[in-house]
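Let's take a walk through this protein together, starting at one residue and working outwards. Keep the 3D view open as you read.

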Amino acid sequence: MSQSQHIIIVDDEAPAREMVGDYLKMHGFTVTLCDGGKSLRSAIETGPADLVVLDLNMPEEDGLSIIRDLKGRTNIPVIMLTATASPIDRVVGLELGADDYVAKPCELRELMARIRSVLRRSGPAKAAAAVTETAPAQAKNAQLVRFGTKWLDLDAQALRDDEGNEHPLTASEYGLLKVFAANPKRVLSRERLLELANARDAEAFDRAVDLRIMRIRRKIEPDPTKPAVIRTIRGGGYLFSPAGDKA
């Protein structure tokens with residue numbers, strides 16, 4: 001594991017975050033410890049992060065609010081740590097853009113496995129260069145796939161509109177879009193989607209596929225209430241229609 005991979009641990013309990021931090025450092029990660037949302041934002045402004053491990057239950061600012069804010073501004077993967085958080089909190093966290101969750105107190109080897117899995121799915125760091133051309137013009141020089149109102153740039157692993165503005169994607173959302181791009185007009189089951197997206201540890205998150213598809217639709221569909229680009233096939237799974245047609 002490359003030492004260049006930077007993990008931020010956010011937990012208001014010092015012993016817990018230090019324990020996780022020490023374990024990750026032992027395995028070659030660069031680690032920053034934060035006690036809440038404010039220090040997390042400061043750490044991100046200081047330098048890029050590859051992943052955030054976030055405790056949901058904190059007194060000053062709860063984890064769900066932090067996820068909402070973080071995902072609205074970045075595409076950094078997030079793994080939630082949940083102790084007293086209810087199942088609905090975990091579902092809401094996934095819907096807001098979190099990539100995975102681990103029960104707290106966590107088994108450190110399990111947390112490590114999930115961190116590695118999310119990092120594999122997120123791939124190399126997202127390209128940060130400014131967009132100087134509109135998406136249709138870029139299509140001549142980049143691997144672009146039309147998804148409804150947006151373009152998926154496979155080279156930069158980014159979702160952009162026709163004006164070239166980037167719209168944040170989580171690692172899991174990008175993974176699903178990449179699978180759809182490679183399999184247009186093919187019905188893919190939830191299990192097949194997880195397999196093709198290399199989400200090897202996601203068998204416990206069948207519902208998470210539906211939540212992620214719902215988030216993706218909000219970003220790409222002309223009318224998310226009547227999806228035509230990524231359609232649900234009853235009893236089969238999902239189908240990507242590049243032109244948003246009904247064929």
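## Asp 11 and its surroundings

Find the loop between β1 (6–10) and α1 (14–26): that's where Asp 11 sits. Keep in mind that you're looking at a predicted model. Is Asp 11 buried or exposed? Its relative accessibility is 2%, and because buried means under 20%, Asp 11 counts as buried.

Now zoom in on its side chain. A polar atom there lies 2.8 Å from the backbone nitrogen of Glu 13. The side chain of Asp 11 also makes a polar contact of 2.6 Å with the side chain of Lys 104. If you leave out residues up to four places away in sequence, Asp 11 touches Ala 16, Arg 17, Cys 34, Asp 35, Asp 55, Met 58 and, once again, Lys 104.

## Two nonpolar cores

Here's a handy idea to carry along: in soluble globular proteins, nonpolar side chains tend to be buried together. In this model, the largest nonpolar core has 23 residues. Which residues have the most contacts inside it? They are Phe 147, Leu 177, Phe 180, Leu 193 and Ile 230. Two or more residues each come from β6 (144–147), α7 (171–182), α8 (190–196), α9 (206–220) and β12 (237–240). The largest share, six residues, is from α7.

Phe 180 is a good one to click on. Not counting residues up to four places away in sequence, Phe 180 touches Phe 147, Leu 188, Leu 193, Ile 213, Ile 230, Tyr 238 and Phe 240. Apart from this core lies another one, of 22 residues, including Ile 44, Leu 70, Ile 76 and Cys 34. You've met Cys 34 already, as one of the residues that Asp 11 touches.

## The second largest pocket

Next, look for the second largest pocket, with a volume of about 200 Å³. It is lined by 13 residues, and the closest to its centre are Tyr 174, Gly 175, Lys 178, Leu 196 and Ala 197. Both α5 (108–122) and α7 supply at least two residues of this lining, but α7 gives the most, with five.

What sort of residues are they? The lining divides into five nonpolar, five polar and three charged residues.

## The whole chain

Finally, zoom out. The chain has nine helices and twelve strands. Of its 247 residues, 50% count as buried. And among contacts with a separation of 6 or more, 58% are between residues 24 or more positions apart.

Methods:
Residues are numbered from 1 along each chain as its sequence is written. This is a predicted model: local features need pLDDT of at least 70, side-chain atom pairs count only at pLDDT 80 or more; totals for chains, interfaces and linings use all residues. Side-chain values use heavy atoms; hydrogens and water are left out. Helices (H or I, at least four residues) and strands (E, at least two) are DSSP runs, numbered from the N terminus. Buried means under 20% relative accessible area, exposed over 50%, partly exposed in between (1.4 Å probe, protein chains only). A polar contact is a pair of N or O atoms within 3.5 Å; within protein, one must be able to donate a hydrogen and the other to accept it, and residues adjacent in sequence count only if both atoms are side-chain atoms. Contact means heavy atoms within 4.5 Å. A nonpolar core is a set of buried Ala, Val, Leu, Ile, Met, Phe, Trp, Tyr and Cys residues joined through side-chain atoms within 4.5 Å. On a 1 Å grid over the protein atoms alone, a cavity is a set of points where a 1.4 Å probe fits but cannot get out, and a pocket is an open set with protein on both sides within 12 Å along at least five of seven lines; lining residues have an atom within 4 Å of a point. Grid points are joined across faces, edges and corners, and a volume is the space filled by probe spheres set on the points. Ala, Val, Leu, Ile, Met, Phe, Trp, Tyr, Cys and Pro count as nonpolar, Asp, Glu, Lys and Arg as charged, and the others, Gly among them, as polar.
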